[in-house]
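Here's a quick walk through one protein chain, from the overall numbers down to a few individual residues. Have a look at the model before reading on.

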Amino acid sequence: MPAVSKGDGMRGLAVFISDIRNCKSKEAEIKRINKELANIRSKFKGDKALDGYSKKKYVCKLLFIFLLGHDIDFGHMEAVNLLSSNKYTEKQIGYLFISVLVNSNSDLIRLINNAIKNDLASRNPTFMNLALHCIANVGSREMAEAFAADVPRILVAGDTMDSVKQSAALCLLRLNRTSPDLVPMGEWTARVVHLLNDQHLGVVTAATSLITTLAQKNPDDFKTSVSLAVARLSRIVTSASTDLQDYTYYFVAAPWLSVKLLRLLQCYPPPEDAAIRGRLTECLETILNKAQEPPKSKKVQHSNAKNAVLFEAISLIIHHDSEPTLLVRACNQLGQFLQHRETNLRYLALESMCTLASSEFSHEAVKTHIETVINALKTERDVSVRQRAVDLLYAMCDRSNAKQIVAEMLSYLETADYSIREEIVLKVAILAEKYAVDYTWYVDTILNLIRIAGDYVSEEVWYRVIQIVINRDDVQGYAAKTVFEALQAPACHENLVKVGGYILGEFGNLIAGDPRSSPLVQFNLLHSKFHLCSVPTRALLLSAYIKFINLFPEVKGTIQEVLRSDSQLRNADVELQQRAVEYLRLSCVASTDILATVLEEMPPFPERESSILAKLKRKKGPGTVPDIEENRKERNANVNGGPNHTSATSNAKVAAPAAASSTDLLGLGSSTSLNSTPPAAAPPTAASLLVDVFSENSPPVSAPAHIAVPATAAPAADDNFSSITTKSFHVAESILADVQEPTDKFVCKNNGVLYENQLLQIGLKSEYRQNLGRMYVFFGNKTSTQFLNFASNVVCQDTLASQLNVHLKPVDPTVDGGAQLQQIINIECVSDFVEAPVLNIQFRYGGTLQNIAVKLPITLNKFFQPTEMMSQDFFQRWKQLSAPQQEVQKIFKAKHSMDTEVTKAKIIGFGVALLDGVDPNPSNFVGAGVIHTKTTQVGCLLRLEPNMQAQMYRLTLRTSRDTVSQRLCDLLSDQF
């Protein structure tokens with residue numbers, strides 16, 4: 001930029017600013033401004049032509065007055081005239097005035113555009129930069145229409161100076177953000193990508209920002225940028241700080257460019273080319289290694305720049321989720337930051353580890369830091385960091401540490417900030433439910449939760465504990481005993497009274513044999529809380545009282561006296577009055593048999609979507625695709641489904657849809673929840689006892705508030721394949737050529753992101769048991785615009801249609817912007833197979849029909865059931881499978897680092913049981929399992945022999961079917 005001469009100081013402007021600052025009042029300031037405006041107006045209207053200096057000075061004064069908050073309605077033409085000046089300072093002030101005060105509807109816009117075009121064509125780099133800055137600052141649609149074709153041409157021209165290229169790239173970025181439809185990049189794409197090879201790092205930095213934005217919208221057009229970005233990043237991270245002296249910031253080479261390149265690479269999956277992938281891995285390892293080096297400066301700027309590159313590299317490692325070694329190293333590096341004195345680093349480390357916890361490769365490494373995270377929860381001063389610690393504990397929780405984590409979160413809940421208590425309550429409820437092996441522990445946890453933070457326990461939470469108790473016979477007596485003891489406290493939260501009223505009303509008879517909890521004692525205990533409760537809770541207690549009459553005839557008289565009291569029969573609330581009248585009449589006129597029928601014990605609840613989980617998703621905000629923290633299911637988790645569940649329909653019952661109890665208590669696998677309010681619970685409105693409290697879409701059923709309400713028949717609960725059948729049909733070869741191949745990372749794990757582009761992200765989590773499987777596919781709308789006519793189907797080609805049954809459930813045809821849609825796919829393995837089914841997705845976005853086809857990661861090993869064997873049994877079976885066609889052996893070069901723990905994890909993830917102490921060579925790995933299909937079962941034994949010196953493996957598989965041996969060998973060998 002040209003130096004400003006001493007004669008350009010504009011003394012008159014300085015005097016005017018000084019006068020404004022010296023004004024003692026607002027009135028004095030306005031008076032001085034009006035005087036100056038009158039003077040400027042007279043100068044502009046005078047006969048004597050003003051020179052460039054005077055115009056510049058007066059335009060500056062107008063600009064200053066505008067910035068003080070006063071309207072300016074003249075001087076625009078004089079500013080436009082300054083654009084034609086050949087002096088830099090005059091032209092600069094003209095452009096500054098235009099950028100700030102002139103709007104796109106101005107009559108002067110044509111004159112301004114002509115002046116900008118003249119400067120762009122002048123080849124004067126200073127004037128070209130001023131013009132490009134003005135275009136970007138205004139950034140209107142009119143500017144885009146006028147210059148969208150000129151700016152890319154300047155950017156890629158061979159004779160354009162580097163400083164102008166930088167401005168052109170950033171100007172084009174601005175126009176693309178404001179008017180993307182007016183900036184066609186088709187003919188310029190290859191040349192813009194080639195800017196990543198430019199010698200001037202300033203140009204590369206600006207071009208990287210532009211390419212990243214364009215690649216997010218059109219990734220296929222810019223995928224050639226991956227190799228160039230990796231090459232440029234490699235040159236930066238391997239160079240000494242002196243090599244890039246002009247772009248070295250406190251001994252960190254080009255930190256801003258490094259961050260931008262790493263962010264660009266996050267727009268794409270891992271490179272398929274082995275050389276590029278290896279070079280990128282070297283870059284990431286170098287960045288992680290540099291993080292371990294002692295700092296070259298004690299200044300905070302050095303550590304900030306160094307850590308910025310490190311965190312972006314870790315984000316890329318997490319995004320690729322394909323290198324176990326890098327993931328574990330990233331986790332260990334983040335673990336060091338958990339105790340760093342800098343608050344921002346602790347926050348970022350916790351946030352990144354939350355994402356790492358979702359990876360099957362790094363989950364165990366994250367768990368090693370549990371004590372540090374718990375300590376942060378207790379001692380951290382910053383509430384935002386404590387909240388991230390809660391998120392990380394939630395993400396790292398599994399069956400091995402669930403009790404410890406839940407206990408720590410409950411302990412923290414007593415002193416937690418009010419702003420995050422509700423979220424902690426939801427997470428504790430979900431974790432306690434999800435990992436409850438001992439249901440008595442689950443009941444204790446929820447009651448403790450209500451005791452500690454009752455005001456923050458939503459209805460969904462206590463509804464859920466009711467469902468668990470109803471559906472589990474073995475916990476009903478314990479639950480009744482526990483709530484009875486909890487209600488004896490002098491002060492009980494109302495939610496505890498609700499739970500106690502419902503459970504004692506249903507199962508109080510299970511503890512009535514103890515004199516300390518006799519029927520009369522139970523009733524008196526509940527009724528002592530009656531006057532302290534709200535109307536809905538009182539209504540629930542009245543329903544519990546009528547249940548007591550059926551369970552304990554000896555307290556019938558006492559309860560009838562309560563129902564006859566004026567406070568009940570003449571209650572101001574119509575709901576309570578009606579219940580009291582009807583319950584009293586029912587107890588008087590109905591026979592014992594009729595009472596037993598009407599007040600029969602509640603049947604088990606059917607399975608619906610978990611409303612606690614849904615509430616947490618809403619609280620955390622839409623657009624998380626999929627819920628990664630829910631994706632880690634144990635491989636042997638049951639596939640939900642079974643016999644059809646039907647409801648009893650009777651005019652003489654308090655009926656609810658019935659269902660056989662599921663093997664999955666928590667329902668997070670198939671998303672269970674309550675279907676209706678318990679009969680003892682009054683809804684908030686004076687409506688039916690049968691309120692679908694967990695349905696977010698269907699309205700509540702309206703019915704009179706009396707007991708003999710006929711229940712509508714509930715739809716049968718899903719069996720394994722009770723959904724829409726997708727027909728298998730042949731697809732043209734031209735369509736299948738565009739099918740996105742699944743990454744091999746799904747062979748040894750069941751959860752992750754299957755496909756992603758600028759519009760849609762497809763995530764999945766799946767679970768298998770014997771020959772059955774269920775896959776949850778999450779379609780995430782990454783845009784702010786609705787997807788219309790959304791539809792999907794599964795295609796099984798040729799022989800696969802007879803080998804695999806795949807059934808989809810229907811989905812909503814509309815996906816809102818930023819939202820996600822879940823679709824369930826049920827799978828049945830009929831016989832062994834090789835190919836994978838294709839998932840076709842079709843929807844309209846912005847009027848354009850989008851078609852996407854991806855192969856579903858359904859492979860033969862998913863139907864493994866691990867088999868534990870002793871050494872003698874293993875070798876006996878190994879000898880039995882000695883026929884040549886039963887054995888397949890493969891010797892291959894290792895593609896990844898030969899880490900023992902990673903190898904074990906992959907073999908277990910493959911589906912077989914890892915047998916320790918069987919092979920005489922402790923370095924070898926031995927496994928056993930059974931492939932389950934509908935028609936047969938195929939036993940499988942495997943042996944993996946690593947050769948560390950040669951970096952090679954020998955894999956041997958023996959099965960009772962040759963086609964199975966070959967397929968499993970191909971699948972497993974690709975993982976190493």
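## Ground rules and a loop residue

First, a bit of vocabulary: helices (H or I, at least four residues) and strands (E, at least two) are DSSP runs, numbered from the N terminus. With that in hand, R123 can be placed in the loop between α6 (109-121) and α7 (125-138). Keep in mind that this is a predicted model.

What is notable about the phi of R123? Phi sits near 65°, a positive value in a residue other than glycine. R123 counts as partly exposed, because its relative accessibility is 39% and the partly exposed range lies between 20% and 50%.

Y250 tells a similar kind of story: its phi is near 50°, again positive in a non-glycine residue. You'll find Y250 in the loop between β1 (248-249) and β2 (252-253), and at a relative accessible area of 30% Y250 is partly exposed.

## The whole chain

Zooming out, the chain carries 39 helices and 16 strands. Of its 976 residues, 55% are buried. If you take contacts with a separation of 6 or more, 70% of them link residues 24 or more positions apart.

The accessible surface adds up to about 43,200 Å², and carbon and sulfur atoms own 50% of that.

## Helix α26 and its cover

Does the length of helix α26 (residues 473-487) agree or disagree with what its residue count predicts? It agrees: at 1.5 Å a residue, the 15 residues should span 21 Å, and the end C-alpha atoms are 22 Å apart.

The buried residues of α26 are V475, Q476, A479, A480, T482, V483, F484 and L487. Some of these sit three or four places apart, and an α-helix has 3.6 residues a turn, so residues with that spacing point the same way. The cover over these buried residues includes α24 (439-453), α25 (459-471), α27 (494-507) and α28 (519-527).

V443 gives a close-up from helix α24. V443 is buried, with a relative accessible area of 2%. Setting aside neighbours within four places in sequence, V443 is in contact with V469, V475 and A479. The C-alpha atoms of V443 and E433, 10 residues apart along the chain, are separated by 9.2 Å.

## A nonpolar patch outside

On the surface, F66, L67, L96 and V100 make a nonpolar patch of about 340 Å². The elements giving two or more residues to this patch are α3 (52-67) and α5 (88-101).

L67 lies in helix α3. L67 is exposed, because its relative accessible area of 60% is over the 50% cut-off.

Key:
Residues numbered from 1 in each chain as written. Predicted model: local features only at pLDDT ≥ 70, side-chain atom pairs only at ≥ 80, totals over all residues. Heavy atoms only, no water. Patch = residues over 30% accessible without salt bridge, like charges linked within 9 Å, V, L, I, M, F, W, Y side chains within 5 Å. Areas by Shrake-Rupley, 256 points an atom, 1.4 Å probe, with all protein chains shown as cover. Salt bridge = Lys/Arg side-chain N within 4 Å of Asp/Glu carboxyl O. Buried < 20%, exposed > 50% of the residue type's maximum accessible area, 1.4 Å probe, protein only. Expected span 1.5 Å × (residues − 1). Contact = heavy atoms within 4.5 Å.
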